[in-house]
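The following exercises concern the interface between two chains. Please work through each task before reading its solution.

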Amino acid sequence: MSVGGVRWFKARLQGRHGAVPWLPYITYANLLKKENVISSTGSWMLHVTPYAVLGSNIFLALVLPLVSVGGSLTALSNFIVVAAVLLLSSTFLVMGAFDAGSAFGGLGGSRAITLAALFEPTIILTFIALVLATGSSTLDGVISGQVMVGGLLIQAPYLVLSWFALMLTALAETARYPVDEPGTQLELTMMHEATVFDYSGPYLAMLEYASALKLTVFVLLLANLILPWPILVATSSGLTVFSVILATLLKLLVVMFVIALLESSIARVRLYRIQEFLTSAFFMALGGVSLALLSRLI
Amino acid sequence: MTMQALAIMLLASFLGMALAAVVASLPNRHAHRLSNLIVAVCALMGAVVGIFIATATEPLILPSASLWPVFYGMNFSLDRFSAIFYTLVSGISFFAAAYAIPYLEQQPDNYNIRNVNILTAVFIFGMQGVILSTNIFGFMTFWEIMSITLFFLILADGKAVSRKAGFLYLILAHLSTSAIMAGLFLLSGGALLNNFSVLAQMTADLPQVSLFVAIGLLIFGFGCKAGLVPFHVWLPEVHSQVPTQVSALLSGAMLNIAVYGFLRVFLFLLPGVPMWAVFTVFFLGLLSAVVGVLYSVLERDITRLLAYTSIQNFGIMFTMLGLALLAGQEGNLVLAQAAVYAAIFLMLAQAVCQSGLFLASGVLVAAARSRRLEAMGGLAKRMPQLSVGVFMLILGAAFLPPFAPFIADWIFVQAMVGGLEESSLRLKIMILVTVSTITFVTGLAVFAMVKLYAMAFLAQARSEPAAAAMQPGLEFLLPITSLSGLGLMLGLFAPQVLNGIGAVGIAPANFSQQILVTGGGSLVPMDLALFMLVVVFGLWLIRGLISDVKLTREYQTWDGGQPLTPRMEFTSTAFSAPIRFLFSFFLRTKKLVNVTPVTTHNRWIVARSMTLLINQVWYDRLYVPIGAGFTRLASLVVRLQSGNLQAYISLILLATVLTLMIAL
Amino acid sequence: MSLKEFLGNVLGLHIQADRSDLVFASVPREKFADIIDELVNVRGLTTQLSMSLDVSGLVGVGLALAHLYATDDRTSAGSYGVHALLHDDTSQTWFLLSTRLQPEDLSYPSVTRRVMAAHWFERFIQDMFGIEAVGHPDPRRLVHHENVPEGHFPLRKDFMWNAKMETADIAYPMPFVIGEGVVEIPLGPVYGGISEPAHFRLNVAGERMIALESKFFFTHKGVEKLLEGKNLPEALTLVEHICGDSAASHALAFAQAIENLAACKVSIRAQSLRSLVNELERVTMHISDLATIGGLGAGYTLLSSQGFRLKEQVVRLSDELLGNRFWRGLIVPGGVSRDFQANEFQKISIVMGEIIDEMLDVVSLAIQSDGLRDRLENIGILSKEAGLAYGAVGIAARASGIDRDVRRDHPYAAYGRFLPTVPIKVTGDVYARFMLRVDELKDSQRLIQELCKNPGEGAHLMPCEPKDGRDLGAVENGRGEILHLVYLKSGRIERYVIRDPSFCNWPLLGEIAPGNIVSDFPLCSQSLGLSCAGTDL
């Protein structure tokens with residue numbers, strides 16, 4: 001959903017018609033029907049990777065406060081656990097990429113794991129700022145505490161730096177501009193695409209869906225930091241469910257538009273320029289924490 | 001179980017090692033199996049006793065031992081604190097011995113099996129003795145036994161590189177032993193036979209100067225033994241030369257002895273740790289963690305890679321301890337306790353994961369007939385069971401949930417975040433630095449471990465021996481997979497374990513039986529693992545329902561029209577290139593490309609070769625100048641041509657002289 | 001001292017001159033390589049040959065080895081011929097040096113031992129004729145892949161063009177970098193996008209390329225063989241289909257070779273039309289290359305979307321004028337197949353003026369972007385020295401300061417009346433090759449305007465009877481210098497030699513790519529703008 005949406009907005013922004021936003025779902029459905037061709041070079045890792053990667057992302061989608069807060073799984077949305085599960089999914093993705101034994105898998109895997117590994121401090125620091133601002137160690141608590149009083153970012157404007165750090169993290173984690181080019185055909189410049197290079201059929205559908213799901217997760221998380229309401233809580237009635245669904249769609253649309261705008265207006269950076277991107281994200285996150293600490297002092 | 005029975009078991013587990021050494025020296029063809037069997041049984045007994053004592057209320061004192069003339073002047077006992085270490089050392093020794101039986105039989109050409117067995121038993125005996133000793137005399141005696149046997153174990157394969165590594169180790173081990181001895185001399189005022197508990201009361205009256213010198217010497221001594229940067233240079237060299245099971249012992253047990261010594265002195269002996277010492281420990285820890293992880297990302301030699309991972313882990317541990325000391329001084333006791341817990345738990349976790357990985361590396365090296373990762377590959381297909389076991393260890397060593405190292409990391413980071421608000425500005429800054437660094441290190445640890453696993457196990461074999469590798473036998477698989485299982489269990493039952501060792505005396509317990517709570521956060525590792533499992537299982541079911549699982553076909557990896565060869569697989573060198581580039585300001589690796597024209601008159605048709613130089617910054621910038629200085633000094637003193645050996649000998653002489661001067 | 005005097009007096013060669021700018025000589029095979037070495041590498045002869053030569057001490061500032069090819073003359077002379085075509089920049093003279101080889105001993109001392117430019121030519125001859133260049137530093141097969149059995153030499157007269165060969169499995173080794181941890185990243189010949197079949201191996205130890213090896217000729221068609229025995233109209237059709245984007249220039253080279261041989265006259269108007277279509281083809285190619293480099297290679301998407309749109313407009317103009325999208329079917333020996341009307345000239349002038357203006361606008365917008373310039377500058381540097389040694393032609397040569405352009409050096413068609421300016425860049429990087437195309441685009445715009453304004457008069461087609469013998473046609477297109485050598489015997493083609501610029505410039509990739517990072521490889525290769533169709537003849 002989010003992937004198709006971003007593509008569509010991007011095409012519109014560049015003056016093209018663009019494919020329908022729900023094209024990815026059609027693709028997944030087609031892929032699921034297709035034969036699953038597995039590299040004969042690989043080991044059991046090739047079979048484990050799609051489940052582990054999609055599983056980790058479903059895990060995140062379930063525990064994070066995306067459309068609902070409260071619930072029995074909230075304890076698992078501890079910020080360190082969330083960061084570790086993100087890393088776990090990258091780990092499996094890269095392992096799977098390597099197992100097929102093609103040079104591109106290795107190339108993409110090496111790039112992907114570099115980013116995932118080096119973004120770890122940024123993610124943790126960003127979350128720490130949120131934790132400090134709300135006093136809750138779970139991301140669920142971070143959002144749910146603010147449902148009735150408006151968004152966290154409105155409550156605590158000093159978190160804007162952390163919000164942007166999270167935005168940059170989201171771009172890197174979901175392999176979008178400026179660190180990766182989701183639409184490229186040149187094997188040599190790929191990152192995420194190269195890691196799923198040797199998958200086909202249902203496994204490819206699972207991996208692609210995992211990546212799309214990750215984008216949706218980040219998009220909703222970013223949106224909920226600004227405006228969580230309306231969101232499902234344990235006591236919600238049927239009418240609220242409906243409004244929540246509508247609101248979620250709206251949130252998705254808005255953030256997808258922002259991402260499409262961003263992607264259309266910047267050029268992809270060369271791999272070795274990523275350090276600038278990385279350090280700026282890190283210092284933004286650090287700044288966010290410092291501001292959060294300062295605000296407590298005052 | 002009665003104290004009496006435990007005491008007998010403890011004594012048996014300790015003296016059994018000496019017995020094993022004697023048995024190993026017998027000229028009998030069963031001596032090898034028998035001695036290792038004795039070691040294994042005794043170690044298992046020791047571990048059981050250790051667990052009992054660690055969760056008991058009373059320390060276990062062995063009064064009888066001191067009556068024996070051999071142990072003149074020594075006292076042995078096991079309290080709840082040392083019991084953790086005794087369990088650890090014995091437990092790892094059990095796996096090492098079990099592994100040594102088939103492993104050494106495979107390597108009759110490389111090692112003198114008899115000598116290795118004798119030395120290993122004595123080595124374990126020394127380590128156990130260090131933990132059991134309750135006075136400086138015993139502590140130092142066994143410390144020296146442990147250090148010297150390791151030196152001879154390094155020389156066991158008789159190669160020239162081993163001699164070089166051995167002498168490097170000897171110098172640093174001697175310096176560290178001398179420093180510890182001098183430090184303890186100063187603290188005790190020469191009363192070597194007094195029990196530690198007595199000493200603790202004496203140190204309060206020491207003059208500031210001696211305290212200052214003693215603390216400095218002890219930090220150096222224990223830091224050197226634990227492989228902290230910049231005293232770590234011996235560790236990778238030694239790891240790559242000793243037999244595999246000794247590597248496991250080294251990383252899983254001996255380095256922990258250094259932590260034991262450090263904690264024994266800094267938590268129980270000293271009246272209070274001065275701020276400079278706290279910061280020294282803290283920064284040495286951070287430095288070691290960063291340097292360790294960067295070099296483990298870079299290394300292409302599996303044992304050296306793992307050695308740097310050890311350095312990284314001990315760096316994290318010392319960071320935790322340093323922050324704990326700092327938080328304690330600032331009065332933030334919750335953070336201090338949690339950090340110590342995290343350090344102890346990380347120690348257990350790292351011992352399990354690292355020794356498991358070292359044992360596995362022995363199998364891999366034997367299969368590929370090389371320690372180079374570039375000569376492995378494709379082993380997951382050849383050794384599926386082992387690959388699953390190692391994969392679990394890898395996830396553990398990469399600080400990923402739900403394995404034990406992740407839990408230690410979680411406790412530490414969560415406690416720091418929880419303690420952030422109530423801290424002083426200084427502690428706040430330290431916490432932010434630590435959080436950033438530790439997450440950076442754990443992130444890169446993932447990189448290093450992914451690299452290790454991907455290079456060794458995935459894709460096609462890169463060398464002929466690796467392509468012909470066979471599944472290792474159960475005798476190899478069992479020790480390794482049990483360790484991976486242990487790593488998982490330790491993670492899942494972390495609350496229970498921490499609760500059990502809770503009242504160790506370092507800090508009161510605040511973990512319940514099922515749930516970890518610290519710093520405003522909580523975690524139930526079992527829930528986490530179960531939920532992850534449920535999600536993946538559910539996914540598996542759904543996939544089976546909506547798409548035809550049988551519609552699967554194997555085909556070669558897409559090759560773009562030209563056949564793929566193992567040369568086209570990404571290598572470890574290439575894999576770590578982004579990190580090499582991003583941290584080039586520090587790592588200063590050099591890629592030398594040698595271009596030679598194939599004929600004399602046409603310089604455009606060339607053959608190229610490449611070498612990657614991984615510089616050991618510390619070695620080149622710190623050790624080489626110091627070594628050169630000593631060599632010059634030695635040649636002056638001895639007035640002989642400066643041969644290397646003489647330089648070493650005079651260095652040892654000098655060190656001893658210096659020690660005596662400081663001590664007296 | 002002129003070249004002829006030097007060749008005659010100093011080297012003692014017996015010179016025959018057919019035309020003022022084309023001289024022949026023949027030497028025994030033992031001296032063949034040495035003389036070429038002497039002429040190309042100019043050892044101690046710089047001052048004698050010419051005062052204006054570059055005396056910076058670089059190798060290869062002597063004559064340029066433009067081509068080295070072989071002929072099977074067993075029926076006429078009972079021997080094989082090996083011929084080197086050299087070009088003297090100073091006197092703008094072609095010099096054809098030949099040697100004869102007896103069928104029982106098909107070997108001669110290799111030229112490549114000292115002259116790099118002969119590298120691929122000699123391997124080509126070895127595959128096609130079985131003539132061994134003794135001492136060649138890299139005597140691997142070139143055109144023949146693993147599946148071609150030993151002992152088959154397609155360009156020998158006794159090899160039938162439709163002969164079926166058994167499938168063999170002979171090693172085609174690719175050199176690689178020795179060293180722990182080096183990876184060979186294989187690329188192609190089958191790609192994810194639309195791309196001609198070429199196989200590259202990037203030797204890396206991370207992101208930076210240490211060496212680049214390549215393998216071509218996956219679609220070798222044997223055009224030179226197919227042309228043998230054809231009459232001229234048949235041959236023209238084949239020649240026009242060698243390479244889709246240089247149909248007109250290949251046709252022009254063919255026509256010029258025939259006309260030179262038979263000394264045919266071509267009217268001024270026909271000459272203008274030929275130059276016009278030559279420039280239109282150049283514009284098509286440059287717009288396409290600029291869009292590819294900036295848009296696909298460097299990821300500046302505006303350039304590719306706009307560039308390919310404009311290119312489409314140009315090829316539609318071709319469709320409108322000539323009935324095909326490739327500027328094909330106009331040039332024939334003796335003139336052009338049809339005359340353009342005044343309104344057509346006007347239309348070309350206006351449409352092309354607008355298209356080029358628009359393209360230049362987009363480009364100037366693009367190069368103001370730091371991101372794009374950063375991607376193009378200091379990437380894929382070809383030194384002048386390497387360019388000279390490898391015998392680089394066209395864009396690649398001129399971007400590295402090698403001042404060669406057949407349009408100016410041997411004016412053909414209307415280039416005598418409308419002088420082209422030949423832009424030169426010296427940095428030799430991707431940016432230089434990019435900007436050189438921009439400069440040439442501007443000059444082409446001017447030439448098109450002038451040609452349309454004043455196309456001259458005369459019959460568009462004059463009779464041209466073929467004459468037996470051999471001659472040369474040289475044309476500069478957007479890629480570089482195209483050479484056609486035709487051997488006619490009783491009105492039919494006895495041997496036809498085609499040297500496409502791609503054949504000379506592909507080896508440059510192995511020189512410019514190492515040292516750059518992997519993701520800049522597409523830029524390196526796109527900036528040369530080469531085709532496989534031209535190489536896999």
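Contact here means heavy atoms within 4.5 Å. The model is predicted.

**Exercise 1.** Determine how many residues each chain brings to the contact, and how much area is buried.

*Solution.* Step one: chain A supplies 72 residues and chain B supplies 70 residues. Step two: the two chains bury about 6,200 Å² between them, with 76% of it on carbon and sulfur atoms. Step three: within chain A, the most area is lost to chain B by A:Trp44, A:Tyr51 and A:Phe98, together 10% of what that side buries.

**Exercise 2.** Identify the salt bridge and count the polar contacts between the chains.

*Solution.* Step one: the count of salt bridges between chain A and chain B is one. Step two: B:Arg553 pairs with A:Glu35 in a salt bridge, their closest N and O atoms lying 3.0 Å apart. Step three: 14 residue pairs, both residues at pLDDT 80 or more, are in polar contact between chain A and chain B.

Next, consider the composition of one side. Which helix of chain A gives the largest share of the side that touches chain B? Helix 5 of chain A does, with 16 residues. By class, this side of chain A has 48 nonpolar, 17 polar and seven charged residues.

**Exercise 3.** Describe how strand 1 of chain A pairs with a strand of chain B.

*Solution.* Step one: the partner is strand 5 of chain B, residues 552–555. Step two: the two strands run in the parallel sense and pair over four bridges. Step three: A:Asn36 stands opposite B:Thr552, a residue in strand 5 of chain B.

How values were computed: Residues numbered from 1 in each chain as written. Chains lettered and ligands numbered in written order. Predicted model: local features only at pLDDT ≥ 70, side-chain atom pairs only at ≥ 80, totals over all residues. Heavy atoms only, no water. Buried area = accessible area lost by both parts, 1.4 Å probe. Salt bridge = Lys/Arg side-chain N within 4 Å of Asp/Glu carboxyl O. Polar contact = N/O pair within 3.5 Å; in protein donor to acceptor, adjacent residues only side chain to side chain. Nonpolar A, V, L, I, M, F, W, Y, C, P; charged D, E, K, R; others polar. Pairing = 2+ DSSP bridges.
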